[in-house]
Amino acid sequence: MWILVVLAAAFPLAAQVSPYRIERAPSRITLDARLDEPAWRDATPVGDFIFNWFESGDREQTDARMLWDDDNLYVSWRCQDRHISAQVTERHGPVSRDDCVEIFISPNPAKVRNYYTFEINVIGTMLNRCRTDWWTGPPTWEPEGVQYRTTYHGRARKDESSDDREWIVELAIPLRNFARDAAHMPPRDGDEWRLNLQRTGGITNRQNSTWAPIAPPSKSFHTPESFGRVIFSTQVAAAPNAEAGRKLYNANCTACHGLDGAAGDRAPALGAQRRYLRRTEAELFDAIKAGIAGTLMPASPLPDSQVREIVGYIRSIRATAIDFAAPGDAALGREVFAGKGNCAACHMIGGRGGIIGPDLSNIAAERKYEDLRAALTVAKPVPPRGFQPVRVTLRDGRRVRGVIKNENNFSLQVLGTDDKLHLIDRSQAASVEYEKQSLMPADYGKKLTPAELTGVLAYLSTQSRRRAE
Ligand code: HEC
Ligand code: HEC
């Protein structure tokens with residue numbers, strides 16, 4: 001009974017955890033068990049897990065975070081673990097014996113006993129139950145559309161190894177699975193749900209930890225009365241400090257850098273389109289905090305919290321389309337790209353398509369969403385460099401139409417609408433007519449339906465090589 005005594009001292013009955021605000025995902029989430037996207041870096045950790053029934057061994061912490069958008073609840077666990085093992089591969093098998101993470105969710109705080117469980121072991125086997133008063137099916141449950149990835153996903157087993165340090169689970173649960181119990185679907189700003197996040201299983205250092213403490217005498221994760229409170233917020237993760245960061249930046253950094261991240265007299269632009277030397281949050285933080293040795297860039301005396309706000313601001317001005325989850329149906333967009341929009345006649349994506357327009361395979365990493373929309377809907381006053389359309393009539397009567405890649409007083413290099421490069425000596429040309437309008441049609445706002453247009457924009461917003469790096 002000594003365990004109970006210790007427990008009561010460490011976690012009096014009233015032990016509770018403060019409510020966690022689930023913020024909107026600020027950018028696209030790729031389920032690859034890496035958690036390297038800005039969205040996860042910007043998401044707030046739920047806080048340290050509690051070892052409810054601790055006996056011995058190392059207390060290995062878990063960094064868990066949650067985000068949402070209209071479709072999904074996203075959950076990530078980064079688990080410190082020097083002894084990682086798993087062997088259950090059968091769907092709905094006893095995964096909690098293995099190193100395993102769990103989330104139990106009550107979407108209706110007035111009916112906390114209606115809850116749904118997701119248990120995932122480190123090799124990617126999942127067990128689900130629907131413990132609600134309306135469920136009449138079997139003990140296990142098949143949620144719709146759940147997607148997830150674990151560090152050792154798909155392995156037949158994982159044995160403990162001296163290299164073990166940590167493992168990750170990244171999960172997206174479509175919110176529609178909770179439509180029976182939730183007040184609103186998708187949730188509204190301020191909606192409260194109850195849930196708990198857990199870790200369990202493994203061989204060495206097997207221990208049970210949870211986000212919200214489990215009130216004694218219960219010794220089970222299946223204690224919905226102890227679930228923590230979460231509040232859905234329409235605030236986008238990290239967005240609030242970007243504006244504060246902008247003010248701090250403009251007040252502290254413009255002696256050398258330009259206003260609003262532009263180039264200054266003595267230092268480079270921080271937000272312009274170029275290859276940045278420092279890209280990650282940590283690299284930016286260090287450059288600002290410690291300065292850059294051997295350059296004019298000084299160490300900043302600002303407190304860490306303000307440096308972090310400036311980093312948030314720099315990242316927000318650098319963000320391109322790939323960093324935000326674009327609305328719309330990307331699959332429809334892909335069809336329009338190849339079909340009705342005729343985009344593929346002029347543009348390549350992933351090595352297929354025409355060459356008269358720019359290759360769009362990396363466009364989401366190069367342009368902001370608004371730039372993409374403008375490209376499709378607003379005519380440019382003059383065709384951009386490298387894309388000046390021209391009609392040439394040669395003295396022998398042949399005609400070439402295309403865009404000028406290079407020209408000088410004596411010759412023209414024209415990439416023709418036939419996708420061939422024509423080298424034309426001006427002396428052979430009877431006429432050279434420069435067209436005023438770019439070949440890029442700018443009337444897709446009229447030619448496509450609104451759903452087709454947002455679909456194409458969603459499709460373009462996924463075109464980035466960055467993810468493949
Ligand atoms: C005295 C002039 C000066 C001031 C003041 C200054 N910087 Fe710099 N900063 C520089 C110079 C010069 C560089 C380029 C260093 C190099 O060549 O690597 C630089 C580089 C940087 C970089 C790295 C850019 C990259 O892409 O690698 C960041 C980030 C940065 N500064 C942020 C800030 C912030 C934020 C502030 C204000 C808190 C600030 N700087 C104040 C001169 C300055
Ligand atoms: C007749 C050829 C043609 C067609 C059809 C066409 N484009 Fe273009 N597009 C171009 C050319 C040429 C440019 C470069 C000149 C410019 O930006 O006006 C361009 C530019 C763009 C840009 C800007 C690229 C950048 O680097 O900023 C985007 C985005 C784009 N096109 C997308 C599309 C999409 C999506 C479609 C179909 C819905 C489409 N284009 C149809 C020829 C075409």
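Strand 14 (residues 388-394) pairs with strand 18 in the antiparallel sense, over five bridges. The model is predicted. Within this pairing, valine 390 stands opposite tyrosine 434 of strand 18. The points below cover the sheet, the surroundings of ligand 2 and the nonpolar cores.

**Sheet**
- Strands 14 and 18 belong to an open sheet of five strands, with the order 17-16-15-14-18 and antiparallel pairing.
- Strand 17 (421-425) and strand 18 (429-434) are the edge strands, and each pairs on one side only.
- On average, neighbouring strands of this sheet are turned by 40° against each other, direction ignored.

**Shell around ligand 2**
- There are 27 residues around ligand 2, and those that come nearest are Gly341, Cys343, Cys346, Gly357 and Met440.
- By class, this shell holds 20 nonpolar, five polar and two charged residues.
- Helix 8 (369-377) and helix 10 (450-460) each supply at least two residues of the shell.
- Helix 8 gives the largest share, three residues.

**Nonpolar cores**
- The largest nonpolar core has 56 residues, and Leu67, Tyr74, Ile105, Ile120, Val169 and Leu171 have the most contacts inside it.
- Strand 8 (residues 166-174) gives the most to this core, with six residues.
- Leucine 171 is in contact with Tyr74, Val75, Phe118, Ile120 and Tyr148, leaving aside its neighbours within four places in sequence.
- A second, separate core has 21 residues, among them Val336, Ala364, Tyr369 and Met440.
- Met440 thus appears in two lists: it is one of the residues that come nearest to ligand 2, and it is included in the second core.

Note on methods. Residues are numbered from 1 along each chain as its sequence is written. Chains are lettered from A and ligands numbered from 1 in the order in which they are written. This is a predicted model: local features need pLDDT of at least 70, side-chain atom pairs count only at pLDDT 80 or more; totals for chains, interfaces and linings use all residues. Two strands pair if DSSP finds at least two bridges between them. Helices (H or I, at least four residues) and strands (E, at least two) are DSSP runs, numbered from the N terminus. Axes are lines fitted to C-alpha atoms, for helices over the stretch in contact, and angles run from 0 to 180 degrees between N-to-C directions. A residue is near a molecule or strand if its C-beta atom, placed from the backbone, lies within 6 Å of it. Ala, Val, Leu, Ile, Met, Phe, Trp, Tyr, Cys and Pro count as nonpolar, Asp, Glu, Lys and Arg as charged, and the others, Gly among them, as polar. A nonpolar core is a set of buried Ala, Val, Leu, Ile, Met, Phe, Trp, Tyr and Cys residues joined through C-beta atoms within 7 Å. A residue is buried if 20 or more other C-beta atoms lie within 10 Å of its own, exposed if 12 or fewer, and partly exposed in between; C-beta atoms are placed from the backbone. Two residues are in contact if their C-beta atoms, placed from the backbone, lie within 7 Å.
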